[in-house]
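Work through the exercises below with the structure open. Try each task before reading its solution.

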Amino acid sequence: MQKSDRLDPDKMLTGLKTKRIGSKIVVLESAASTNDIAAEYAKDKTNEGLAIFAEEQTAGRGRGANRWYSDKADSLIVSIVLSEEKLNTETLSLTSAIATAEAISDTAKIKWPNDVIMNNKKVAGILLELKPNRKGFSYILGIGINCHQKAGSFPAELQNAATSIDIENGSFIDRNILAKRLLTSIDHWLETAKQNTEEVIERWRQLSIQLGHRIKLVFDGKSYCGNCIGVDPQKGLVLQLEAGGVRMFDAAHTSIAG
Ligand code: BTN
């Protein structure tokens with residue numbers, strides 16, 4: 001029999017012990033993009049930490065010009081309102097990737113800036129956006145996690161690049177349990193980042209698939225190549241360039257090639 005893990009706010013809230021994240025939980029049957037709906041909620045200051053989930057998105061966005069596709073009930077799709085977040089964008093981006101990877105699996109890794117990887121394939125993506133609110137700007141943290149996709153579910157061009165938790169674990173992940181783990185992990189890492197950025201950097205180094213490897217990237221339309229020697233909490237990925245010198249690349253202007 002096909003198992004069901006319909007998203008249910010009561011199941012997510014039962015036993016949830018977060019300080020801020022998941023302060024309110026909204027579940028939608030369908031949304032164009034949960035990031036856009038979260039941006040509307042962000043205009044009300046009582047919605048700090050609100051998490052909006054959807055069973056499906058009809059116009060899910062990825063980074064840059066990319067779309068984010070998933071069939072109904074196959075993924076965990078969520079956007080979180082962070083209007084009072086004081087962390088800078090680079091640190092928040094690193095922190096979100098760590099928190100998402102830890103919620104997914106002990107074996108999940110990070111590909112800077114926003115991919116979570118299992119078995120060398122992408123299992124989750126993060127879209128961090130700044131949206132205007134009444135007081136200024138809110139961060140909207142959008143996360144898409146592949147859960148129930150099967151090997152043949154992905155479009156041909158993604159077959160070798162994408163995976164799901166069910167494929168990697170060989171068992172069914174309950175999305176309500178995963179949602180609770182994700183909210184808890186984000187809450188924990190945001191608090192940690194506020195107190196100790198070094199711990200974030202250290203954890204990123206442990207989880208990174210790029211550290212110590214040759215990276216090709218495009219920054220503001222120009223290609224660069226070098227050895228990844230770390231990450232800077234303000235300035236982004238640090239490369240020892242093959243052309244000479246050390247340079248940092250911020251997430252907003254950089255795309256990793258290949
Ligand atoms: C990427 O890998 O390029 C980022 C993908 C982010 C997808 C999530 S799903 C929830 C939120 N709503 C969106 O439209 N996008 C993000």
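**Exercise 1. Aromatic cluster**

Task: In this predicted model, find which residues form one aromatic cluster with F219.

Solution:
- Step 1. Begin with Y224. F219 and Y224 make an edge-to-face pair, with 6.5 Å centre to centre and 70° between the planes.
- Step 2. Turn to F249. F219 and F249 also pair edge-to-face, at 5.5 Å centre to centre and 75° between the planes. This pair joins distant parts of the chain: F219 lies in strand β8 (residues 214-219) and F249 in strand β11, 30 residues apart.
- Step 3. Check burial. The cut-off is under 20% relative accessible area. F219 has 13%, so F219 counts as buried. F249 has 0%, so F249 is buried. Y224 is buried too.
- Result: F219, Y224 and F249 form one cluster.

**Exercise 2. The sheet**

Task: State the strand order of the open five-stranded sheet, and find which helix packs on the sheet.

Solution:
- Step 1. Read the order: β11-β10-β9-β8-β12, with antiparallel pairing.
- Step 2. Mark the edges. β11 (246-249) and β12 (254-256) each pair on one side only.
- Step 3. Take the twist. Ignoring direction, neighbouring strands are turned by 50° against each other on average.
- Step 4. Inspect one pairing. Strands β9 (residues 222-232) and β10 (residues 236-241) share six bridges, in the antiparallel sense. Within them, G230 stands opposite V238 in β10.
- Step 5. Add the helix. α6 (residues 197-207) packs on the sheet and touches β9 and β10. The direction of α6 makes about 120° with that of β9.

**Exercise 3. Cysteines**

Task: Explain why C228 is not bonded to C225.

Solution:
- Step 1. Count the disulfides: the structure holds zero.
- Step 2. Compare distance with cut-off. A disulfide needs sulfur atoms within 2.5 Å. The closest cysteine sulfur to that of C228 is in C225, 12 Å away, so the two are too far apart for a bond.
- Step 3. Check burial. C225 is buried, with a relative accessible area of 17%. C228 is buried as well, at 1%.

**Exercise 4. Nonpolar cores**

Task: How many residues does the largest nonpolar core have, and which have the most contacts inside it?

Solution:
- Step 1. The core has 58 residues. Those with the most contacts are F53, L76, I80, I104, I145, I186 and W204.
- Step 2. Look around I104. Leaving out residues up to four places away in sequence, I104 touches V116, M118, V123, A124, I145, I165, L178 and R181.
- Step 3. Apart from this core lies another, of eight residues, among them V26, A39, A42 and L50.

Terms used: Residues are numbered from 1 along each chain as its sequence is written. This is a predicted model: local features need pLDDT of at least 70, side-chain atom pairs count only at pLDDT 80 or more; totals for chains, interfaces and linings use all residues. Side-chain values use heavy atoms; hydrogens and water are left out. A nonpolar core is a set of buried Ala, Val, Leu, Ile, Met, Phe, Trp, Tyr and Cys residues joined through side-chain atoms within 4.5 Å. Buried means under 20% relative accessible area, exposed over 50%, partly exposed in between (1.4 Å probe, protein chains only). Contact means heavy atoms within 4.5 Å. Two strands pair if DSSP finds at least two bridges between them. Helices (H or I, at least four residues) and strands (E, at least two) are DSSP runs, numbered from the N terminus. Axes are lines fitted to C-alpha atoms, for helices over the stretch in contact, and angles run from 0 to 180 degrees between N-to-C directions. Rings of Phe, Tyr and Trp (its six-membered ring) pair if their centres lie within 6.5 Å; planes under 30 degrees apart count as stacked, over 60 as edge-to-face and the rest as tilted.
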